[in-house]
Amino acid sequence: MAHVWVAFAAGTDQGGRPVKEKLIPPNATGAVLDIGAGHGHTVNYLNRKRVSKYIALEPNTLMHSHIRAIANNAGFVESDGSLAILSCGAEDTQSILSQLGGKPYPVDTLISVLTLCSIPSPEETLTSLVRDVLKPGGKLLFYEHVLSPREDVAWWQRLWTPLWKVPFDGCRLDRPSHLFAERMMATAKNGDRVSMWDSQELWGKDGEPDEHLFWHRVGRFVKRLDM
C-alpha cells in the first residue's frame, strides 16, 4: 500500500482540503493522535500554537519517512517530544497507551481522515480509542467516505467493495463509519448506559451529490467530562 499511496496521497489530500481546513485547525488542540496517518498530511492542518504534540499512528513503516519529513517541516520533531510515530495498529490501545507514557487519556484530540474504511473491527476499535485514549472533554474529528443512505448507491458500493479492497489495503466503500461514532455508548458511574458524547455534529461535504459512490461524512464529537 505504501507504493500505491505515493501515487494517490497528494491528490486525495487536495480533494479533501476545503473540508479539513474547516474541521481541523479550529478544533485540534493539545496532543493530537492521527489514526492511520498515511504520509502525515494531517499535520499541515494543525495550528502549531494550539497543538503541543503530533502523534502519527501508522502501522505501515514504509510511510514513516514521509510522515517525519512533513511533520518536521511543520515544526513537529521527535527530539523535543512534539512528534511521535507509532507503528502499532489502531486496535492495539494497550501499546498506544504504553508508548505514550502508560497513563490513561493521554490524547486531547483524535483525528481520523479516510481511515475507518480499512481498519479491523472499526466500531470496537474506535470505541476503545475514545474510551481509553481520549481525555474526557476531548474531541474526535473525522472525515470519512461511508455507506450511502440511498439504496441504489449502497448497492453499487457493496458490489465494488470486494474488488476495491484488494489494491487499497482493505478499504471498504460500504462501511457506515459515521454511525459507529454517532451511536457510541459508555457506562456511567451509576451503571446506566449513556451516550459517550457531550455534544456531536455531523455534516456532509459541500457540493457533493447524493449519488456519489464515495459519499462523505464529516464529524466533530466532544467526549463527556464524566467518562
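**Exercise 1. Work out how much surface the chain exposes and what share of it carbon and sulfur atoms supply.**

Start with the total: the chain exposes about 10600 Å², with areas from the Shrake-Rupley method and a 1.4 Å probe, where for residues only the protein chains shown count as cover. Then take the share: carbon and sulfur atoms supply 53% of that area. Before going on, keep in mind that this is a predicted model, where local features need pLDDT of at least 70, side-chain atom pairs count only at pLDDT 80 or more, and totals for chains, interfaces and linings use all residues. Residues are numbered from 1 along each chain as its sequence is written, and side-chain values use heavy atoms, with hydrogens and water left out.

**Exercise 2. Describe the overall build of the chain: its helices and strands, and its radius of gyration against the globule rule.**

Count first: you get seven helices and nine strands (DSSP runs numbered from the N terminus; helices are H or I with at least four residues, strands E with at least two). Next, the radius of gyration is 17 Å, close to the 17 Å that the globule rule gives for 227 residues, so the chain is as compact as a globular protein of that length. Here the radius is taken over C-alpha atoms, and the rule is 2.2 Å times the number of residues to the power 0.38. Last, 49% of the 227 residues count as buried (under 20% relative accessible area; exposed is over 50%, partly exposed in between; 1.4 Å probe, protein chains only).

**Exercise 3. Place Lys20: is it buried or exposed, and what does it touch?**

Find it in helix H2, residues 17–23. With a relative accessibility of 5%, Lys20 counts as buried. Now skip its neighbours within four places in sequence: Lys20 is then in contact (heavy atoms within 4.5 Å) with Asp13, Pro25, Tyr45, Val113 and Tyr143.

**Exercise 4. Count the aromatic pairs and classify Phe142 with Phe221.**

Use this rule: rings of Phe, Tyr and Trp (its six-membered ring) pair if their centres lie within 6.5 Å; planes under 30 degrees apart are stacked, over 60 edge-to-face, the rest tilted. That gives six aromatic pairs. For Phe142 and Phe221, the centres are 5.6 Å apart and the planes at 25 degrees, so they're stacked. The two sit 79 residues apart, Phe142 in strand S5 (residues 134–146) and Phe221 in strand S9 (residues 215–223). Both are buried. Finally, ring pairs link Phe142, Trp197 and Phe221 into a cluster.
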